[in-house]
Amino acid sequence: MTKHEAHAGHGEHGHDSGPLGERSELIFSLACTALTGTGWALGRFDVQANTSTALFVIAYVLGAWFSLKEVTVALRERKLEIDSLMLLAAAGAAILGEWFEGALLLSLFTLGHALEGYAMRRARSAIEALSELVPETALLILEGDETKEVPVAKLVPGDRVLVKPNTRLPADGVVSAGTSSVNQAPITGESAPANKQPVPDLAAALAAGDAVEAQHRVFAGTINGAGVLTVVVTKVAGDSTLARVVKMVAEAETQQSPTQQFTERFERIFVPAILCVVVVLLFAWVVIDEPFTASFYRAMAVLVAASPCALAIATPSAVLSGVARAARGGVLVKGGAHLESLGLIRAIAFDKTGTLTEGKPKLTDVVVVDAATEDELLS
């Protein structure tokens, strides 16, 4: 989602943290919007102008707080972003005395940022929930069949672990002893537990890797049934199937759609170009017979008018709206790139029949063999 994805979220620059915790930016943006609306309403009712201006100034501080942080980091990296143009436009509006326009600009912009941050935090929470499927410790079987509880991160291929009934498996591996049924829904999505049994040739299975038959293989994060299993670890924690799934989901969350990539490229050209135009207009008084104040006013007016508020919040808002609407329908969309690609889809392949059925089997056809009639067969 524009800069959040490009920079792996505002949290990287402290954008998601603040005096009020992770929701600081959202609270600041809502307060900015409320103060802006209140100041505008007071102005409509002929309340003292100083009161409205004071509210707009506070709205400026709240609206610019996190964007100023972002601009500071960007300038250290020698980059000019839309945040910079927004702040300059708001400052220009204040110089022109148009406090409401500047405050409104900041409230819209910071609200867009806050919603992006909220979406990214939800995405990170989903990823963290996947990571927590794996238990923190495992029962390592030592010589003499004694067991010792050790951190899962210390397991290495070849270690034997004991998996008790109704517990999560700590690592990917092959079953060397015991039989049980394992709920593999966290990995495969299959609701029916899969039966597991010992591999006949352990040495060959360890050499074969992922080629081992399904009834002998188990995955980290899946749930053991009523039996007790002895599992020989085949992969370290960081290379397990679940760990790779978590990594793939994390990468998918940061993928940008073509439109988002275009706005990023456009932004890199547009912002410096506008700033150059504004600087040139500041010196119009040198060429045109007019006071400096007139040139300055014109330059500030161009800066405010050219501020790309719509460009900054349109794409993130559309992506957020689409992802939220899909989520309400029970569909998980992993980022803007995948959401936008849905418009190009002409065919969809489903890997499981149960995904499409209602779970209510019914008889559709009767084929009679030999001499029985259809009625006799049904009876």
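A contact here means heavy atoms within 4.5 Å. With that in hand, here are some notes for a first look at this predicted model.

1. Start with the packing of helices α3 and α4. In α3, the residues Tyr-60, Ala-64, Ser-67, Leu-68, Glu-70 and Val-71 meet a set from α4: Asp-83, Ser-84, Leu-87, Ala-90, Ala-91, Ala-93 and Ala-94. Helix α3 covers residues 49-76 and α4 covers residues 82-95. Their axes lie 9 Å apart, and the packing angle is about 145°. As for handedness, the two cross in a left-handed way.

2. Now follow α3 by itself. Its 28 residues reach 38 Å from the first C-alpha to the last, close to the 40 Å expected at 1.5 Å a residue. The helix does bend, by about 40° at Ala-64, and Ala-64 is also one of the α3 residues that meet α4. Just after α3 comes Arg-78, with a positive phi of about 60°.

3. Helix α9, residues 258-282, has a kink too. Where is it centred? On Glu-267, with an angle of about 30°. The end-to-end figure still agrees with expectation: at 1.5 Å a residue, the 25 residues of α9 should span 36 Å, and the end C-alpha atoms are indeed 36 Å apart. Glu-267 is also among the buried residues of α9. The others in that group are Gln-260, Thr-263, Glu-264, Val-271, Ile-274, Leu-275 and Val-278. When you look at the numbering of that set, keep in mind that an α-helix has 3.6 residues a turn, so residues three or four places apart point the same way.

4. On to the rings. The structure holds eight aromatic pairs. One of them joins Phe-292 and Phe-296, a tilted pair at 6.0 Å centre to centre, with 35° between the planes. Why can these two rings come together? Both sit in helix α11 (residues 292-306), and because they are four residues apart, about one helical turn separates them. Neither side chain is in the buried class: Phe-292 is partly exposed at 45% relative accessible area, and Phe-296 is partly exposed at 23%. Elsewhere, ring pairs link Phe-28, Trp-65 and Phe-66 into a cluster.

5. Helix α5, residues 99-131, is home to Leu-108, and Leu-111 lies in α5 as well. Which residues does Leu-111 contact, leaving aside neighbours within four places in sequence? They are Leu-26, Ser-29 and Leu-30. Leu-111 and Glu-25 are 86 residues apart in sequence, yet their C-alpha atoms are 8.1 Å apart. For Leu-108, the C-alpha of Cys-32 is 9.2 Å away, across 76 residues of chain. Both leucines are partly exposed, Leu-108 with 38% relative accessibility and Leu-111 with 25%.

6. Two loop residues have a backbone detail to check. Asp-145 is not a glycine, but has a positive phi of about 60°. You'll find Asp-145 in the loop between β1 (137-141) and β2 (147-151), where it is exposed at 58% relative accessibility. Asn-166, again not a glycine, also has a positive phi of about 60°. Asn-166 belongs to the loop between β3 (160-163) and β4 (173-177) and is exposed, with a relative accessible area of 63%.

7. Is Phe-219, another loop residue, buried or exposed? It is buried, with a relative accessible area of 12%, which puts it under the 20% cut-off. Phe-219 lies between β7 (217-218) and β8 (223-224). Not counting residues up to four places away in sequence, Phe-219 touches Leu-169, Ala-171, Asp-172, Gln-184, Ile-187 and Thr-241. Its C-alpha is 9.9 Å from that of Thr-234, 15 residues away in sequence.

8. Finally, step back to the whole chain. How many helices and strands are there? The count comes to 14 helices and nine strands. The chain has 379 residues, and 38% of them count as buried. Of the contacts between residues at least 6 apart in sequence, 66% join residues at least 24 apart. The contacts of Leu-111 in α5 with Leu-26, Ser-29 and Leu-30 are a handy example of contacts to look up.

Notes: Residues numbered from 1 in each chain as written. Predicted model: local features only at pLDDT ≥ 70, side-chain atom pairs only at ≥ 80, totals over all residues. Heavy atoms only, no water. Phe/Tyr/Trp six-rings, centres within 6.5 Å; stacked < 30°, edge-to-face > 60°. Buried < 20%, exposed > 50% of the residue type's maximum accessible area, 1.4 Å probe, protein only. Expected span 1.5 Å × (residues − 1). Bend = angle between axes of the 7 residues up to and from the residue. Axes fitted to C-alpha atoms, helices over the stretch in contact; angles between N-to-C directions. Left-handed = near helix turned anticlockwise from the far one by under 90°.
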